[in-house]
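Here are my notes for anyone opening this structure for the first time. Have the sequence and the 3D view side by side as you read.

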Amino acid sequence: LNPAAIGSRRSSAARHVGAMTEALRYEQPWVPVVPGDAPILGNPNAPVTIVMFLEAQCPYCVRGSATAEQAWERYDDQVRLVYKHFPLAFHQEARPAAIAMEAARNQGKFWPYKDSVYARASELRSNPELFHQIADDLGLNMARFQRDLDDPATAARVDADMQQGTSLGVTGTPAFFINGYGLRGAQPIDKFTALIDRELGE
């Protein structure tokens, strides 16, 4: 190799190491995060699990969720996403949205329902029919959807997620745990990939 090529490779390697160091700066201490029976996207046996504590009315969650899904797509069957609800008290529509997502989950439509709610998050405060409109658009059984909205057991699943998040030190959203190592806030994708690569031994 000529000196210019060697210098280019060294520069590229330095940038990679620098990105890795910067990414790990956001890492939180390891904690045991149990996915439980939460909704999972991807290979159930993937070696890397990203547990996401999110809520629909937080604009940073919309962005952070999209970034986590980009990372999931990049790693094929090596990464799975786990969704946990953490509606913040000052976002009045976040808890109803979480309950609606769980009601849709009862009919096998959690992820498309979640995606639709996030895509229409700007309507959460202005459109009181939003949750039913999305359910209808997805072809859900509307009578069952309403029953599940009203069922205390549906809300209890949301409460259980919040209790778990609080026990893990989550105080705001979005919060992510990659094999138990935390990332807080809507971080860029390189923060995710640095931790994922480390967990995969790459």
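**Notes for a first look**

1. Let's begin with a small spot: Asn 179 sits in the loop between β4 and β5. Its phi is positive, about 50°, although Asn 179 is not a glycine. Most residues other than glycine have a negative phi. As for its surroundings, Asn 179 has a relative accessible area of 22%, so it counts as partly exposed. Keep in mind throughout that this is a predicted model.

2. There is another residue of this kind. Asp 76, in the loop between α2 (59–74) and β3, has a phi near 50°, again a positive value in a residue other than glycine. Buried or exposed? Asp 76 is exposed, because its relative accessibility is 55% and the cut-off for that label is over 50%.

3. While you are checking the backbone, look at the loop between α7 and β4, where you'll find Pro 174. The peptide bond that leads from Thr 173 into Pro 174 is cis, and its omega is near -5°. Most peptide bonds are trans.

4. Now step back to the whole chain. Its secondary structure amounts to eight helices and five strands. Starting at the N terminus, you meet them in the order α-β-β-α-β-α-α-α-α-α-β-β-α. Of the 202 residues, 45% count as buried. If you take contacts between residues at least 6 apart in sequence, 76% of them join residues at least 24 apart.

5. How are the strands arranged? The five strands make an open sheet with mixed pairing, in the order β1-β3-β2-β4-β5. At the edges stand β1 (40–42) and β5 (181–184); each has a single partner strand, so one side of each lacks a neighbour in the sheet. From one strand to the next, the twist averages 20°.

6. Strand β2 (residues 48–54) deserves a closer look. With strand β3 (residues 79–85), β2 pairs in the parallel sense over seven bridges, and Leu 54 has His 85 in β3 as its bridge partner. With strand β4 (residues 175–178), the pairing of β2 is antiparallel, over four bridges; here Met 52 is partnered by Phe 176 in β4.

7. How enclosed is β2? Seven of its seven residues are buried, so β2 is largely enclosed by the rest of the structure. In a regular strand the side chains alternate between the two faces of the sheet. Both faces of β2 are covered: Val 48, Ile 50, Met 52 and Leu 54 are buried on one side, and Thr 49, Val 51 and Phe 53 are buried on the other.

8. Next, the helices against the sheet. Helix α7 (residues 152–167) lies across β2 and β3, at about 105° to β3.

9. One helix pair is worth a stop. Helix α4 (residues 110–119) packs with helix α5 (residues 130–137) at an angle of about 135°, and their axes are 10 Å apart. That angle makes α4 oblique to α5. The crossing of α4 past α5 is right-handed. Which residues meet there? From α4 come Tyr 113, Ser 116 and Val 117, and from α5 come Phe 131, Ile 134 and Ala 135. By type, the residues of this contact between α4 and α5 are five nonpolar, one polar and no charged.

Definitions and conventions: Residues numbered from 1 in each chain as written. Predicted model: local features only at pLDDT ≥ 70, side-chain atom pairs only at ≥ 80, totals over all residues. Heavy atoms only, no water. Axes fitted to C-alpha atoms, helices over the stretch in contact; angles between N-to-C directions. Helix = DSSP H or I, 4+ residues; strand = E, 2+ residues; numbered from the N terminus. Parallel < 35°, antiparallel > 145°, perpendicular 65-115°, else oblique. Left-handed = near helix turned anticlockwise from the far one by under 90°. Contact = heavy atoms within 4.5 Å. Nonpolar A, V, L, I, M, F, W, Y, C, P; charged D, E, K, R; others polar. Buried < 20%, exposed > 50% of the residue type's maximum accessible area, 1.4 Å probe, protein only. Pairing = 2+ DSSP bridges.
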